[in-house]
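Colleague: Could you take me through the sheets, the helix packing and the internal space of this model, with the criteria behind each value?

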Amino acid sequence: MKFRVGIIGVGSMGSGHLKNILKHLSNDIQITALCDIVPEQMYRHKELFNDNDVAFFQNSSDLILSGLVDGVIIATPHYFHPDIAIEAFNAGLHVFCEKPAGVYTKQVKEMNKAAKKANKAFQVNFVLRATTPFKKLKEIIDTGKIGTVRRLTWIITTWYRTQSYYNSAGWRATWAGEGGGTLLNQNPHQLDLVQWLVGVPKRIRGFCYFGKRRNIEVEDEATLYMEYDNGLTATYITCVSEFPGTNRLEIAGSKGKAVLENNKVTLYTTAITEDEFNLTTNTAAGPIPMKIEEYAVSSDIELAQVEMVRNWMNSALHGDKLISYGEEGINSLMISNGAYLSSWEESWIDLPFDDDRFLSELNKRIESSVFVKKNVSNIVLDTAGTYTK
């Protein structure tokens, strides 16, 4: 018997999941229900199914309570993720949720509480964890090849987005509709990787620039400085208005460094640690004997997307270990929420912060938010692969 899945939200990301399942997982998964508040979003896929094979809903509660599904894929705008997930858990369903887990940490904590109580397979789609480049970096760090990690620097300015992109839907790039800008929309995958690779920082100083080069109310550019208990420091730079942009990740340790850029991991490993060399050398500036290795790594994003859904299914059916436990989704959100709070208050923010303090500041911006923008075209965008650039 196949694992029965309903997709809630059949816009850009939901359509991608639908097509991937039909192309790669049709022997294991049966899509039995689709849901979207815009009927046309669902019915445009009707030709992909035989008559009566799939049910269509405009209300997520109706789908969840229909008895037609074993699990749901949630691909709605961000604010709705936790509420829909909580309802699904309460109905005894497994949940696969698009990133981010939610908009603010308080609502995600409630979602995590419901997930723990339900004890169902819960995965947030941090798909880059399943790609070759980041699996390689994780292996390098976890096996100690570069020693103790001291610094992470990530410049990722390849998120080029035009004003037409922001005008494509009324909820985009508004505090009331989306809850944030590039940190919450484009960058959750990378912020998750930061915490997955080196952990959650102890404090953060964020410099977010709201509507700097695009006519939007949320941030289109941000620079984050992060400090850790063990002395590690991290810098994260991103924006949507550079072309061509840069995507370069450096992770430096006491025994070398790893660099990911242009689908290549370059590993530099020193013969001894920098501490040892510093204490024993008579030279003024090195160098330390070093070996350089290069690994060509494809992003293999479509297969990684398929693997994430397959992994979720196998966790639901057989108890397999999840690639990205849903409860971990709060970690990257804590970083982006912390960056916002730091920018609003112009100060360092300790993590974790007070959830109500952040929500109070967010609500101030929601109250003055322009949810429905002029000249909105309401088009479905093809976002395949955009989070890997």
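The exchange below goes through the sheets, then the helices, then the cavity.

Modeller: This is a predicted model, in which local features need pLDDT of at least 70 and side-chain atom pairs count only at pLDDT 80 or more, while totals for chains, interfaces and linings use all residues. Residues are numbered from 1 along each chain as its sequence is written, and side-chain values use heavy atoms, with hydrogens and water left out.

Colleague: Which strands are the edge strands of the sheet with the order 14-13-12-11-7-10-9-8-15?

Modeller: Helices (H or I, at least four residues) and strands (E, at least two) are DSSP runs numbered from the N terminus, and two strands pair if DSSP finds at least two bridges between them. Nine strands form this open sheet, and their pairing is mixed. The strands that pair on one side only are strand 14 (290-296) and strand 15 (349-350).

Colleague: Within that sheet, what is the bridge partner of Leu224 in strand 10?

Modeller: Strand 9 and strand 10 run antiparallel and are joined by seven bridges. They form a hairpin with five residues between them, and Gly231 in the turn has a positive phi of about 95°. In strand 10, Leu224 is paired with Tyr236.

Colleague: And which residue of strand 10 stands opposite Ile156?

Modeller: Strand 7 and strand 10 run parallel, with six bridges joining them. The residue of strand 10 opposite Ile156 is Thr238.

Colleague: In the sheet of six strands, what is the average turn between neighbouring strands?

Modeller: This open sheet has the order 3-2-1-4-5-6 with parallel pairing, and its edge strands are strand 3 (55-57) and strand 6 (122-124). With direction ignored, neighbouring strands are turned against each other on average by 20°.

Colleague: At what angle do helix 8 and helix 11 pack?

Modeller: Axes are lines fitted to C-alpha atoms, for helices over the stretch in contact, and angles run from 0 to 180 degrees between N-to-C directions. The axes of helix 8 and helix 11 are 8 Å apart, and the helices pack at about 110°. Angles under 35 degrees count as roughly parallel, over 145 as roughly antiparallel, 65 to 115 as roughly perpendicular and the rest as oblique, so helix 8 is, relative to helix 11, roughly perpendicular.

Colleague: Which residues of helix 11 make the contact with helix 8?

Modeller: Contact means heavy atoms within 4.5 Å, and helix 8 contributes Pro188, Leu191, Asp192 and Gln195. The residues of this contact divide into three nonpolar, four polar and one charged, where Ala, Val, Leu, Ile, Met, Phe, Trp, Tyr, Cys and Pro count as nonpolar, Asp, Glu, Lys and Arg as charged, and the others, Gly among them, as polar. From helix 11 come Asn331, Ser332, Ile335 and Ser336.

Colleague: Which helix gives the most to the lining of the largest cavity?

Modeller: On a 1 Å grid over the protein atoms alone, a cavity is a set of points where a 1.4 Å probe fits but cannot get out, and lining residues have an atom within 4 Å of a point; grid points are joined across faces, edges and corners, and a volume is the space filled by probe spheres set on the points. The structure holds one cavity of 30 Å³ or more, and the lining of the largest cavity has six nonpolar, two polar and no charged residues. Helix 8 (188-198) and helix 11 (329-345) each supply at least two residues of that lining, and the helix giving the most, with three residues, is helix 11.

Key
1 Å grid on protein atoms, 1.4 Å probe; cavity = no way out; pocket = protein on both sides within 12 Å on 5 of 7 lines; lining within 4 Å.
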